Amino acid sequence: MSRHAVLLGPTASGKSALALALARRDATWELVSVDSMQVYRGMDIGTAKPTAAERAEVPHHLLDLLDPWEEGTVAWFQRQAKAALADIEGRGQRALLVGGTALYVQAVVDDLDIPGQYAEARETIESEPDTEALHARLTELDPVAAARMEPGNRRRIVRALEVTVGSGRPFSSFGPGLDAHPPTPFTMLGLRRDGDDLRARIEARYVQQMADGFLDEVRRLRDDPRGFSRTARQALGYKELLEHLEGAVALDDALGLAVRRTRRFARRQSAWFRRDPRITWIDAAPSRPAEDVVDALRSAL
């Protein structure tokens with residue numbers, strides 16, 4: 001039996017509620033959020049962060065670590081997660097990692113060797129508008145990394161070049177890449193929902209968040225003179241409501257855009273997770289009682 005486990009799934013799939021129900025049944029589990037936006041203080045409603053009452057009932061980790069004007073990185077999160085796991089182990093408890101930020105999950109379960117950031121190199125690389133030219137340059141400097149990337153995937157190409165140029169070490173030397181799925185000490189479980197169900201849940205969650213005061217939350221954050229960091233500002237829902245508050249789009253249009261973008265994000269999450277053969281999938285269809293899903297999760301752990 002693995003000491004720790006991961007509960008994966010796309011946004012709005014019900015991970016947090018099921019993890020909480022499992023921890024209520026078995027007090028040896030503590031919950032560890034693996035969410036790139038729940039680390040921000042004050043970003044509560046729009047990130048579906050566990051409530052104060054839930055956090056008082058079951059120990060939660062890696063929430064409210066940064067202010068919204070601060071930047072979070074994968075390497076920083078990995079360090080925080082390692083410290084949380086050591087703390088949980090030291091008390092004889094088990095960690096259930098809960099999240100949908102796929103890169104953060106993989107950084108923890110595979111202990112990825114994460115390159116640093118090289119702002120000066122990145123600025124120079126970004127000044128080249130031709131993405132295919134950047135890919136050709138990467139092919140010269142690090143053919144292994146270049147072969148893993150589509151010539152039009154600018155974000156990944158720029159990052160690979162930034163690391164290769166900035167560190168003087170090929171990007172590919174930092175590990176086998178995100179497509180590798182080596183043995184891991186974590187038990188990995190995933191929630192499976194069909195597309196129609198997930199789409200409906202995403203829309204319903206936004207409706208509930210708006211009723212709970214999401215717009216006021218975004219307004220308070222926007223009015224803080226310290227503002228949003230580049231990372232925090234891109235959070236789904238926040239980005240679109242900020243556009244509304246800045247007068248760029250009507251509220252209904254902002255919400256409609258947030259729903260569509262979140263649905264696309266959920267599809268990308270699902271595609272990422274489906275590539276990982278280590279995940280045991282648990283059916284969470286609407287017709288299946290939550291207690292049955294929790295039973296299935298406990299049996300798989």
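# Briefing: fold, sheet and selected residues

The protein has 14 helices and six strands. The model is predicted. Its six strands make one open sheet with parallel pairing. The points below cover overall dimensions, the sheet, two helices and three individual residues.

**Overall dimensions**

- The radius of gyration is 20 Å, which agrees with the value near 19 Å that a compact globule of 301 residues would have.
- Along the principal axes, the C-alpha atoms fill a box of roughly 55 × 50 × 35 Å.
- Of the 301 residues, 46% are buried.
- The accessible surface is about 14,700 Å², and carbon and sulfur atoms contribute 51% of that area.
- Among contacts with a sequence separation of 6 or more, 74% join residues that are 24 or more positions apart.

**The sheet**

- The strand order is β3-β2-β4-β1-β5-β6.
- Strands β3 (60-61) and β6 (280-283) are the edges, as each pairs on one side only.
- Two bridges link strand β2 (residues 29-34) to β3 in the parallel sense. L31 is placed opposite H60 of β3.
- Strand β1 (residues 5-8) pairs in parallel with strand β4 (residues 94-99) over four bridges. On that side, A5 has L96 of β4 as its bridge partner.
- β1 is also joined by four bridges to strand β5 (residues 187-192), again running parallel. Here the bridge partner of V6 is M188 in β5.
- In a regular strand, side chains alternate between the two faces of the sheet.
- β1 is covered on both faces: A5 and L7 are buried on one side, and V6 and L8 are buried on the other.

**H4, ahead of β1**

- H4 belongs to the segment before β1.
- H4 counts as buried because its relative accessibility is 6%, under the 20% cut-off.
- The H4 side chain makes a polar contact of 2.8 Å with the side chain of E89.
- Leaving out residues up to four places away in sequence, H4 touches W29, L85, I88, E89, Q93, R94, A95, P185, F186 and T187.
- Among these neighbours of H4, R94 and A95 fall within the range of β4 (residues 94-99), and T187 falls within that of β5 (residues 187-192).

**A19 in helix α1**

- A19 is part of helix α1 (residues 15-25).
- With a relative accessible area of 1%, A19 is buried.
- Beyond residues up to four places away in sequence, A19 touches L7, L31, L96 and V98.
- These contacts of A19 include L7, a buried residue of β1, and L96, the bridge partner of A5 in β4. Another of them is L31, which stands opposite H60 in β3.
- A19 and L297 are 278 residues apart along the chain, and their C-alpha atoms are separated by 9.0 Å.

**T131 in helix α6**

- T131 is in helix α6 (residues 131-141).
- T131 counts as buried because its relative accessibility is 15%, again under 20%.
- The side chains of T131 and R154 are joined by a polar contact of 3.0 Å.
- Apart from residues up to four places away in sequence, T131 touches P151, G152, N153, R154 and I157.

**Helices α10 and α12**

- Helix α10 (residues 214-223) has F214, L215, E217, V218 and L221 as its buried residues. Viewed down the axis of α10, these residues fall within an arc of 160°, so they line one face of the helix.
- An α-helix has 3.6 residues a turn, so residues three or four places apart point the same way.
- The cover over the buried residues of α10 includes α9 (195-211), α12 (238-245) and α13 (251-274).
- In α12, the buried residues are Y238, E240, L241, L242 and L245.
- These α12 residues pack against α9, α10, α11 (230-233) and α13.
- α9 and α13 thus appear in both settings: they are among the elements covering the buried residues of α10, and the buried residues of α12 pack against them.
- G247, just after α12, takes a positive phi of about 85°.

Note on methods:
Residues are numbered from 1 along each chain as its sequence is written. This is a predicted model: local features need pLDDT of at least 70, side-chain atom pairs count only at pLDDT 80 or more; totals for chains, interfaces and linings use all residues. Side-chain values use heavy atoms; hydrogens and water are left out. Buried means under 20% relative accessible area, exposed over 50%, partly exposed in between (1.4 Å probe, protein chains only). A polar contact is a pair of N or O atoms within 3.5 Å; within protein, one must be able to donate a hydrogen and the other to accept it, and residues adjacent in sequence count only if both atoms are side-chain atoms. Contact means heavy atoms within 4.5 Å. The arc is that of the directions from the helix axis to the C-beta atoms. The radius of gyration is taken over C-alpha atoms; the globule rule is 2.2 Å times the number of residues to the power 0.38. Accessible areas come from the Shrake-Rupley method with a 1.4 Å probe; for residues, only the protein chains shown count as cover. Two strands pair if DSSP finds at least two bridges between them.
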